[in-house]
Amino acid sequence: MKMQIEDVLGKVTEFIKSEAKTETIMGKEFKLGEFNCVPVIRIGLGFGYGGGEGEAPKTGQGHGEGSGAGAGMGIEPVGFLASRGSEITFIPARNTKGLSAAFEKLPDVLDKFISNMKKPESVV
């Protein structure tokens with residue numbers, strides 16, 4: 001059974017439309033006292049496709065076909081937008097203190113360290 005890439009992408013798109021929603025992952029907007037809270041998510045997608053054909057015209061034997069497709073999706077809760085009147089605040093879902101904050105800052109620290117290592121030393 002041959003499946004065209006357009007068919008595959010159409011089915012994947014329909015799945016994403018139906019499943020990759022904030023309501024599906026974290027719930028719908030809700031009210032908490034004076035605050036209106038809206039959940040926020042991050043979605044990442046990746047697709048790949050390959051195909052092939054083959055024959056052995058010199059020998060008159062053989063036949064080949066092949067195809068493959070893959071997709072991946074990641075969904076992560078990010079936090080909430082909380083509003084009260086004209087005031088809007090973002091409340092992150094992650095803890096940004098302690099060891100987790102240090103790991104989040106590590107790439108920036110390494111970039112600064114490496115760029116300082118590449119600078120030529122000045123002569124005094």
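Of the protein's 124 residues, 7% count as buried, so keep the surface in mind as you go around this predicted model. 

**Whole chain**

Colour by secondary structure to begin. There are three helices and four strands, in the order α-α-β-β-β-β-α from the N terminus. With a surface on, you are looking at about 10,300 Å² of exposed area, 58% of it from carbon and sulfur atoms. If you draw contacts with a separation of 6 or more, 48% of them join residues 24 or more positions apart.

**Along the strands**

Select residues 30–32, which are strand 1, and then 35–54, which are strand 2. These two strands pair in the antiparallel sense over three bridges, and Lys31 stands opposite Asn36. Two residues separate the strands in this hairpin, and Gly33 in the turn has a positive phi of about 65 degrees.

Next, add residues 64–84 for strand 3. Strand 2 and strand 3 run antiparallel and are joined by 19 bridges. For a landmark, pick Gly51 and look across to Ser67 in strand 3.

Now bring in residues 87–92, strand 4, which pairs antiparallel with strand 3 over six bridges. Phe80 faces Ile91 of strand 4 here. This is a hairpin too, with two residues between the strands, and Gly85 in its turn has a positive phi of about 65 degrees.

**The aromatic pair**

Stay on Phe80 and show its side chain along with that of Phe30. How many aromatic pairs does the structure hold? There is one. The ring centres of Phe30 and Phe80 are 5.9 Å apart and the planes sit at 80 degrees; anything over 60 counts as edge-to-face, so that is what this pair is. Phe30 is in strand 1 and Phe80 in strand 3, so the pair ties together parts that are 50 residues apart in sequence. Both rings belong to partly exposed residues: Phe30 has a relative accessible area of 36%, and Phe80 has 23%.

**Salt bridges**

Switch to the charged side chains; the structure holds three salt bridges. Start with Glu34 and Arg84, whose closest N and O atoms are 3.3 Å apart. Glu34 lies in the loop between strand 1 and strand 2 while Arg84 is in strand 3, so this pair also ties together parts 50 residues apart in sequence. Glu34 is exposed at 56% relative accessibility, whereas Arg84 is partly exposed at 35%.

Keep Arg84 selected and add Glu87: the two form a salt bridge with closest N and O atoms 3.8 Å apart. Glu87 is partly exposed, at 41%. Together, Glu34, Arg84 and Glu87 are linked in a network of salt bridges.

Then move to Glu76 and Arg42, where the closest N and O atoms are 3.1 Å apart. Glu76 is in strand 3 and Arg42 in strand 2, so the bridge ties together parts that are 34 residues apart in sequence. Both are partly exposed, Glu76 at 27% and Arg42 at 47%.

**The nonpolar patch**

For the last stop, select Leu9, Phe15, Ile43, Leu45, Phe47, Met73 and Ile75, which make a nonpolar surface patch of about 600 Å². Which element gives the largest share? Strand 2 does, with three residues. Helix 1 (5–19), strand 2 and strand 3 each supply at least two residues. Click on Met73, placed in strand 3; this methionine is partly exposed at 34% relative accessibility.

Methods
Residues are numbered from 1 along each chain as its sequence is written. This is a predicted model: local features need pLDDT of at least 70, side-chain atom pairs count only at pLDDT 80 or more; totals for chains, interfaces and linings use all residues. Side-chain values use heavy atoms; hydrogens and water are left out. Two strands pair if DSSP finds at least two bridges between them. Rings of Phe, Tyr and Trp (its six-membered ring) pair if their centres lie within 6.5 Å; planes under 30 degrees apart count as stacked, over 60 as edge-to-face and the rest as tilted. Buried means under 20% relative accessible area, exposed over 50%, partly exposed in between (1.4 Å probe, protein chains only). Patches are made of residues with over 30% relative accessible area and no salt bridge: like charges are joined within 9 Å, nonpolar side chains (Val, Leu, Ile, Met, Phe, Trp, Tyr) within 5 Å. Accessible areas come from the Shrake-Rupley method with a 1.4 Å probe; for residues, only the protein chains shown count as cover. A salt bridge is a side-chain nitrogen of Lys or Arg within 4 Å of a carboxyl oxygen of Asp or Glu. Contact means heavy atoms within 4.5 Å.
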